[in-house]
Structure formats: structure tokens, C-alpha cells
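Look at the sequence and the model below. The paragraphs after them go through contacts, helix packing and aromatic rings in turn.

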Amino acid sequence: MAEELSRALDAIRDIDIDVPEVWQERGLEGVPGDEAPALDASKAQAAVVDSNVVAFPEGVSAQVRNAVSDWMLFAQRAATKKHPKGTDSAQWADEYLDVMLATGWSLRESASAWSEESVSGSVVHQKILDVLAVVLGPVPAALAIVTAALSSLQAMNEDSKWITLFDRRGKSATSVGFSVANVEAQSDGAAALRSVDFRIEASKTLTQVLFFKFTHQEASMFRRGVVLSISAKNLERLGPKIAERVAEMAEDSIAGYDL
């Protein structure tokens with residue numbers, strides 16, 4: 001255990017998360033809309049973390065909410081640093097998962113294989129809801145809150161800071177990967193992250209993601225299910241280190257909202 005902790009600390013220290021300057025310029029300063037609420041254990045909430053959406057049921061501590069958000073941001077930035085051109089979402093998604101695993105998380109269940117979805121005529125957010133109903137159907141609590149999180153996001157103005165943030169990495173790319181996830185708190189202080197990873201592969205440059213409408217031979221959607229877990233010890237020992245690495249970018253890259 002000590003050796004695993006040491007390797008995770010080394011990875012957190014050494015992994016490069018400095019993304020290209022042109023991408024960093026796509027900040028939220030000046031984007032209209034209300035301020036994002038603080039993450040609060042007494043509420044059912046969700047957060048847009050870069051281009052991921054994560055839901056937090058009532059009772060998940062603020063410490064876990066913030067730690068999970070920071071980890072997702074760290075892993076996304078690491079993947080974007082390694083695959084910055086937005087042309088290979090499969091490699092990006094694999095790097096994202098590898099970084100999570102290298103920095104303290106473990107696979108609770110084997111990641112499922114990628115499945116291609118029939119999406120012609122669908123809008124991205126509508127198709128995601130269809131997929132979630134299938135993948136998370138056996139876990140009703142997770143399905144209910146993740147559906148609420150995505151539906152709330154869908155109802156927001158397309159120019160809001162939450163939509164701007166979600167679409168940020170996909171703009172000017174032909175391929176983008178992202179996750180929709182639910183956090184499950186454990187009685188011993190550990191946590192699980194039940195995710196559905198998505199990839200969009202388009203034949204032309206994307207200008208938006210969530211409201212993108214698929215037409216015949218224009219784009220494809222792929223998905224896989226991933227369930228990660230992290231021990232209370234790793235949350236306590238590694239969480240603050242992750243927070244230190246993303247401190248300067250978190251305010252501009254994590255936006256919570258109440259459900």
C-alpha cells in the first residue's frame with residue numbers, strides 16, 4: 001500500500017497538465033449568468049468540470065465533491081496536454097482513464113468495450129439521455145440524479161457559463177471525449193465514480209457539443225461504462241495534492257449547479 005501511495009504521489013507531481021495557450025484563453029470571464037453555487041453536502045447538485053458532468057446526491061460530503069471535481073479536471077488537462085489537437089478522442093479518453101488510475105483511483109469493474117450508437121437525427125444531449133437509461137438502468141438512484149443533472153444543463157441558455165464550459169474543449173475540433181458521472185459515497189469514507197464515457201467523431205469541425213445535431217454520415221457517437229473507486233485514505237492523502245496542482249485553473253474550469 002505504501003508503494004502504491006508513493007507511485008501515486010509521484011504521478012501527481014510529475015504529470016504535465018499545462019495545456020496549449022490557445023486553449024487556455026477560452027475562459028469564462030465575461031460570460032453572462034449567475035455565479036456558480038458552492039458545492040454543498042446538504043443538496044443534490046451537479047458540476048460541469050471542463051467537459052465532464054458529474055452529479056452529487058445529497059449527503060456526499062463537500063470534501064468528496066471538491067476532490068472528485070479536482071481529480072476530473074486534473075485528468076482531463078493531462079489528457080488534453082498529451083492529445084491537444086482534438087482529432088483522436090479514443091486516445092484522449094484512454095489517457096484520461098490512465099491518469100485517474102495512476103493517481104489513486106482503481107477500477108471497481110472492468111471498463112466495458114466501446115459501443116457505437118445509432119445517432120442520425122439525434123441531438124447530443126437527447127442521445128446521452130437515451131444511453132444513460134440503458135447503461136445506468138440497473139442502478140436507479142444513479143440514473144435519476146444523472147438524468148436530472150443533464151436535463152438541468154440542457155434547459156440552460158446556450159450562452160450560459162455552464163454550456164460554454166462544457167463545449168469549450170470541443171470547439172474547433174473534429175473529435176471530443178467527455179464523461180457523465182455519478183458519485184457514490186461509501187460508509188467507510190471511500191467513494192465510487194460511476195461514469196459513462198462518450199466520444200463524438202465528426203467529419204467536420206464542431207462549433208458546439210451538447211446541442212450538436214447528428215445527420216447522416218456527419219458524425220458518430222461511441223460510449224463505454226466505467227466504475228472507479230477510491231479509498232478514504234487516498235482521498236485524504238492524495239486529494240490535497242491534486243487540489244494544489246489544479247488550484248490556479250479550478251475557478252475557471254469547475255462550475256457547480258443545484259438540482
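Which residues does Ser51 touch, not counting residues up to four places away in sequence? They are Gln76, Leu165, Phe166, Arg168, Arg169, Phe178 and Ser179, where contact means heavy atoms within 4.5 Å. This is a predicted model, in which local features need pLDDT of at least 70 and side-chain atom pairs count only at pLDDT 80 or more, while totals for chains, interfaces and linings use all residues. Residues are numbered from 1 along each chain as its sequence is written, and side-chain values use heavy atoms, with hydrogens and water left out.

Ser51 sits in the loop between strand 1 (45-49) and strand 2 (52-56). Helices (H or I, at least four residues) and strands (E, at least two) are DSSP runs, numbered from the N terminus. Ser51 has 2% relative accessibility and so counts as buried. Buried means under 20% relative accessible area, exposed over 50%, and partly exposed in between, with a 1.4 Å probe and protein chains only. The C-alpha atoms of Ser51 and Gly137 are separated by 23 Å, and these two residues are 86 residues apart along the chain.

Two of the residues that Ser51 touches, Phe166 and Phe178, also pair with each other as an edge-to-face aromatic pair, 5.3 Å centre to centre with 70° between the planes. Rings of Phe, Tyr and Trp (its six-membered ring) pair if their centres lie within 6.5 Å; planes under 30 degrees apart count as stacked, over 60 as edge-to-face and the rest as tilted. Phe166 belongs to helix 7 (residues 161-168) and Phe178 to strand 5 (residues 175-185), so the pair ties together parts that are 12 residues apart in sequence. Both Phe166 and Phe178 are buried. Together with Phe198 they form one aromatic cluster.

Helix 7 also holds Asp167. Asp167 counts as buried because its relative accessibility is 5%. Leaving aside residues up to four places away in sequence, Asp167 touches Gln208, Val209 and Leu210. From Asp167 to Ala36 the C-alpha distance is 17 Å, with their positions 131 residues apart in sequence.

By the same ring rule, the count comes to 4 aromatic pairs. Another of them joins Trp71 and Trp105, edge-to-face at 5.9 Å centre to centre and 90° between the planes. Trp71 lies in helix 3 (residues 62-82) and Trp105 in the loop between helix 4 (89-102) and strand 3 (106-109), so this pair ties together parts that are 34 residues apart in sequence. Trp71 and Trp105 are buried.

Helix 3 is also the place of Ser69. At 1% relative accessibility, Ser69 counts as buried. Its contacts, not counting residues up to four places away in sequence, are Leu39, Ala47, Val49, Phe56 and Ile254.

Next comes the packing of helices. Two packed helices are described by the angle between their axes and the distance between the axes. Axes are lines fitted to C-alpha atoms, for helices over the stretch in contact, and angles run from 0 to 180 degrees between N-to-C directions.

The axes of helix 3 and helix 4 come within 8 Å and cross at roughly 135°. The two are therefore oblique to each other; angles under 35 degrees count as roughly parallel, over 145 as roughly antiparallel, 65 to 115 as roughly perpendicular and the rest as oblique. On the helix 4 side, the residues that meet helix 3 are Trp92, Glu95, Tyr96, Val99 and Met100. Of these, Glu95 touches Ala78, Ala79, Lys82 and His83, not counting residues up to four places away in sequence, and counts as buried at 16% relative accessibility.

Helix 3 also packs against helix 8 (residues 232-250), where the axes come within 8 Å and cross at roughly 60°. Helix 3 and helix 8 are therefore oblique to each other too. Trp71 is among the helix 3 residues in this contact, and Leu238 and Ile242 are among those of helix 8.

Helix 5 (residues 124-135) and helix 6 (residues 140-154) have axes 10 Å apart, at an angle of about 175°. They are therefore roughly antiparallel to each other. His125, Ile128, Leu129, Leu132 and Ala133 of helix 5 meet Leu143, Val146, Thr147, Leu150, Ser151 and Gln154 of helix 6.
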